[in-house]
Amino acid sequence: MNTRIFSLLIALAAITSVVSVSFAQSPAPQPSAPFTAPAVSAPAATAASPNPAEMMKQMMEMAKLNENHKTLADLAGSWSYTVKMMAPGETPSTSTGSVTRKPVMNGRFFLGEFTGTMKMPGADGKMKDFTFKGMSVEGYDNVKQKFVSSWVDNMGTGILNSEGSYDPATKTFTYTGEMEPVPGMKVPVREVIKITDKNHHIFEWYENRGGQEMKTLEIDYTRKK
């Protein structure tokens, strides 16, 4: 779900636990003789070719909104949140912020804009206030039959993409993805969003470090009045 508030910050904490990472440099490829692809004719239409009218009908059907989009709509609105960041052997740190989620593309997706304040080390090594900004796009892909989410923030240049499901019995979303904070360091992540009621939900972030999953982040959301 698109609440990956401090993915890069958590990843940096994970990096400090890595003793060393080595990378092998491959030799530069040698030039080869130019290759000319043979001309290929367009395939002739066959009885197995998809019918354009049927394809269009199916595409229109896949574009329709359904109950899954309505489930995401329940999280639209303005929220305040409290973040708790956890690291082994350390006292959890806390920070606060707010987010506004709004429907776009006629309710097919939901755009979330996050703003928060946290303590970060400055150039002099001293802790200073840092304004965090993030953005999420969430939706339900009818073709994949999965919830999908993309996340960006002002602490990195990558885009975190994840896919998930929703359990109506427990009112819980579960997403999985993979982040790569530095080249070659790929970290599987799992996100769990538990809906307490219409005005509260909890986000949990888990990282797989060396084959062991660890909970490193928890966010409590309260809807603004």
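The following exercises, each with a worked solution, concern side-chain contacts and the nonpolar core in a predicted model.

**Exercise 1. Describe the surroundings of Glu 213, beginning with its place in the secondary structure and ending with its side-chain contacts.**

Step 1. Glu 213 belongs to strand 10, which covers residues 212–223.

Step 2. The relative accessible area of Glu 213 is 40%, and because the class between 20% and 50% is called partly exposed, this residue falls into that class.

Step 3. Once residues up to four places away in sequence are set aside, Glu 213 touches Arg 190, Tyr 206, Glu 207 and Asn 208.

Step 4. With Arg 190 there is also a polar contact, formed between the two side chains at 2.8 Å.

Step 5. A further distance places this residue relative to Val 189: the two are 24 residues apart in sequence, while their C-alpha atoms are 8.4 Å apart in space.

Step 6. Arg 190, the partner in the polar contact with Glu 213, also lies over the face of Tyr 206, at 4.4 Å from the ring centre, and Tyr 206 is itself among the residues that Glu 213 touches.

**Exercise 2. Work out which residues are joined with Glu 204 in a network of salt bridges, and state how accessible Glu 204 is.**

Step 1. One salt bridge of Glu 204 is formed with Lys 194, where the closest N and O atoms are 3.6 Å apart. This pair links distant parts of the chain, since Glu 204 is in strand 9 (residues 200–209) and Lys 194 is in strand 8 (residues 187–197), 10 residues apart.

Step 2. Glu 204 also forms a salt bridge with Lys 215, and here the closest N and O atoms are 3.3 Å apart. This pair, too, links distant parts of the chain, with Glu 204 in strand 9 and Lys 215 in strand 10, 11 residues apart.

Step 3. Through shared partners, salt bridges join Lys 194, Glu 204, Lys 215 and Glu 218 into one network.

Step 4. Glu 204 has a relative accessibility of 7% and therefore counts as buried, the limit for that class being under 20%. Lys 194, at 37%, is partly exposed, and Lys 215, at 29%, counts as partly exposed as well.

Step 5. The structure holds 12 salt bridges, and another of them joins the side chains of Lys 128 and Asp 124 at 3.8 Å, N to O. In that pair Lys 128 is partly exposed at 43%, and Asp 124 is partly exposed at 48%.

**Exercise 3. Classify the ring pair of Phe 114 and Trp 151 and the ring pair of Tyr 166 and Phe 173 by their geometry.**

Step 1. Nine aromatic pairs are present in the structure. For Phe 114 and Trp 151, the ring centres are 4.9 Å apart and the planes stand at 75 degrees, and because an angle over 60 degrees counts as edge-to-face, the pair is edge-to-face.

Step 2. Phe 114 lies in strand 3 (residues 109–121) and Trp 151 in strand 5 (residues 146–153), so this pair ties together parts that are 37 residues apart in sequence. Both Phe 114 and Trp 151 are buried.

Step 3. The rings of Tyr 166 and Phe 173 have centres 4.5 Å apart and planes at 45 degrees, so this pair is tilted. Its two members are not equally accessible, for Tyr 166 is partly exposed at 24%, whereas Phe 173 is buried at 1%.

Step 4. Phe 114 and Trp 151 also belong to one aromatic cluster, together with Tyr 81, Phe 132 and Tyr 221. Over the ring of Tyr 221 sits the charged end of Arg 101, 5.6 Å from the ring centre.

**Exercise 4. Identify the residues that touch the most other members of the largest nonpolar core, and the strands that each supply at least two of its residues.**

Step 1. This core has 30 residues, of which Tyr 81, Phe 173, Phe 203, Trp 205, Leu 217, Ile 219 and Tyr 221 touch the most other members.

Step 2. At least two residues of the core come from each of strand 1 (77–85), strand 3, strand 4 (127–141), strand 5, strand 7 (172–179), strand 8, strand 9 and strand 10.

Step 3. As a general background, nonpolar side chains in soluble globular proteins tend to be buried together.

Technical notes
Residues numbered from 1 in each chain as written. Predicted model: local features only at pLDDT ≥ 70, side-chain atom pairs only at ≥ 80, totals over all residues. Heavy atoms only, no water. Helix = DSSP H or I, 4+ residues; strand = E, 2+ residues; numbered from the N terminus. Buried < 20%, exposed > 50% of the residue type's maximum accessible area, 1.4 Å probe, protein only. Contact = heavy atoms within 4.5 Å. Polar contact = N/O pair within 3.5 Å; in protein donor to acceptor, adjacent residues only side chain to side chain. Salt bridge = Lys/Arg side-chain N within 4 Å of Asp/Glu carboxyl O. Phe/Tyr/Trp six-rings, centres within 6.5 Å; stacked < 30°, edge-to-face > 60°. Lys NZ or Arg CZ within 6 Å of the ring centre and 35° of its normal. Core = buried A, V, L, I, M, F, W, Y, C linked by side-chain atoms within 4.5 Å.
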